[in-house]
Amino acid sequence: MCRPVTDHPDLLPPATLASLGWLDFFEEQRASNESNLAPMRIAMVHRSRLTGLSETGPVELTLPVHTNTGDFAVGDWVLAHPQTRMLHRRLNRRTVLERRLEGSRTLQPAAANVDTLFIVTSCNADFNQARLERYLALANQGGANPVILLTKADMAADVGAYRRQAAELQRGLDVVPVNPRLPAAACTLASWCGVGQTVALVGSSGVGKSTLVNTLAGPGQALPQETGGIREHDAKGRHTTTSRSLHAIAGGGWVIDTPGMRTLHVSGAAEGIATLFAEITELAPSCRFRDCTHAHEPGCAVQAAVADGRLNPERLIRWRKLLDENHDNTSASAGPRGRRSVSR
Ligand SMILES: Nc1nc2c(ncn2[C@@H]2O[C@H](COP(=O)(O)OP(=O)(O)OP(=O)(O)O)[C@@H](O)[C@H]2O)c(=O)[nH]1
Ligand SMILES: [Mg+2]
Ligand SMILES: [Zn+2]
């Protein structure tokens, strides 16, 4: 059963740290001389400002000189002085969604401490398996649980076909048709949106991310997210949302809205790709050569699986393409990233 949508109490006192998503994982990082500092969760990152949420409500943080706001992500936990609101430091992230900036090798944190990544796609020209795989690699790599949301099912002739094509992308993947415009969507997604849980929405422009944020936030939302239409002929959106932001979900939880992405470049995501293509990764140890590239070597277990129909050859092509791109984009000096410490 789903609880009725009510006004969210978390932006008003007395919000608890637990309802903001605070866990022992963060508490354990506080040094003894930091006990006078207040934990705050980053709700918005601007070019020269950070907005946090504290137990007493929203806070405009005072930033030390030379602070680069690009080092912070929506969803981050920071410690700040409760009176001066001076930012002290960011706490280590439990999970992080990082994307590569266009034309650079730098990874930018897009959202932090996200439990579930809702990868949103419409049942129209937007639907693309290779693009969904990129988002899955991103979620896997960052430690967030991916769920695919299929929107605009009300306008599609055969939703079952989209559902099947999405479900085959990763073992055990949840694929959920949802209409962001209907209040019932909050019920459908309730199991991922409980108290203390954080979900983030990613996907192309116009798929209904902000519409879903407004539905999840419920009628008590002070400032609804702006939403926009799509072009009739190719279903492309208009890039209505331009920044990332954290919103309270009615009845518990938090949702991060993000701007629609044109392309998602993968970088530093080898483990995430291995999880995504588990059926290929698991065959590799059976190949005759340890460094088999599964292209044309004799005794290749992957090629054998393609030959007898156990492995979709298109998956193999897409796996290779993604791995090559990841390799080209990943800086050799990056080293181990140390952000998969959370087992789930
Ligand atoms: N018919 C129908 N329309 C939908 C559905 N989901 C979203 N829409 C409409 O799609 C349009 C785009 O929705 P937005 O929520 O602005 O999309 P967005 O993903 O936030 O787009 P950007 O902010 O540009 O990234 C709006 O007119 C919504 O009402 C759906 O399931 N069915
Ligand atoms: Mg939007
Ligand atoms: Zn092989």
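In the predicted model, 39% of the 344 residues of the chain count as buried. Nine helices and 13 strands make up the secondary structure elements of the chain. The radius of gyration is 21 Å, close to the 20 Å that the globule rule gives for 344 residues, so the chain is as compact as a globular protein of that length. The C-alpha trace spans about 70 × 50 × 40 Å along its principal axes. Contacts reach far along the sequence: among those between residues at least 6 apart, 66% join residues at least 24 apart.

The domain assignment places domain 1 at residues 18-90, domain 2 at 96-257 and domain 3 at 277-330. The centres of domain 2 and domain 3, taken over C-alpha atoms, are separated by 30 Å. Six residues from domain 2 and four residues from domain 3 form the contact between them. On the domain 2 side, helix α2 (residues 129-142) gives the most, with three residues. By class, this side of domain 2 has two nonpolar and four charged residues, and no polar ones.

An unreviewed UniProt entry annotates residues 112-262 as "domain: EngC GTPase". Helix accounts for 25% of this span and strand for 21%. The C-alpha atoms at the two ends of residues 112-262 lie 21 Å apart.

Ligand 1 is surrounded by 25 residues. S205, G208, T227, T241 and G260 come nearest. The shell around ligand 1 is divided into 15 polar, five nonpolar and five charged residues. Helix α5 (residues 209-217) supplies the largest share of this shell, three residues.

Helix α5 is also mostly covered, with eight of its nine residues buried. The buried positions are K209, S210, T211, L212, V213, T215, L216 and A217. These buried residues of α5 pack against both strands and a helix. The strands are β8 (116-122), β11 (198-202), β12 (245-248) and β13 (254-257), and the helix is α4 (184-188). G218 follows α5 and has a positive phi, near 80°. Helix α5 thus combines two roles in the description: the largest share of the ligand 1 shell, and eight buried residues out of nine.

Methods
Residues numbered from 1 in each chain as written. Chains lettered and ligands numbered in written order. Predicted model: local features only at pLDDT ≥ 70, side-chain atom pairs only at ≥ 80, totals over all residues. Near = placed C-beta within 6 Å. Helix = DSSP H or I, 4+ residues; strand = E, 2+ residues; numbered from the N terminus. Nonpolar A, V, L, I, M, F, W, Y, C, P; charged D, E, K, R; others polar. Domains from an automatic or database assignment. Contact = placed C-beta atoms within 7 Å. UniProt positions renumbered as here; feature names shortened; annotations may be inferred. Rg over C-alpha atoms; globule rule 2.2 N^0.38 Å. Buried ≥ 20, exposed ≤ 12 C-beta atoms within 10 Å, placed from the backbone.
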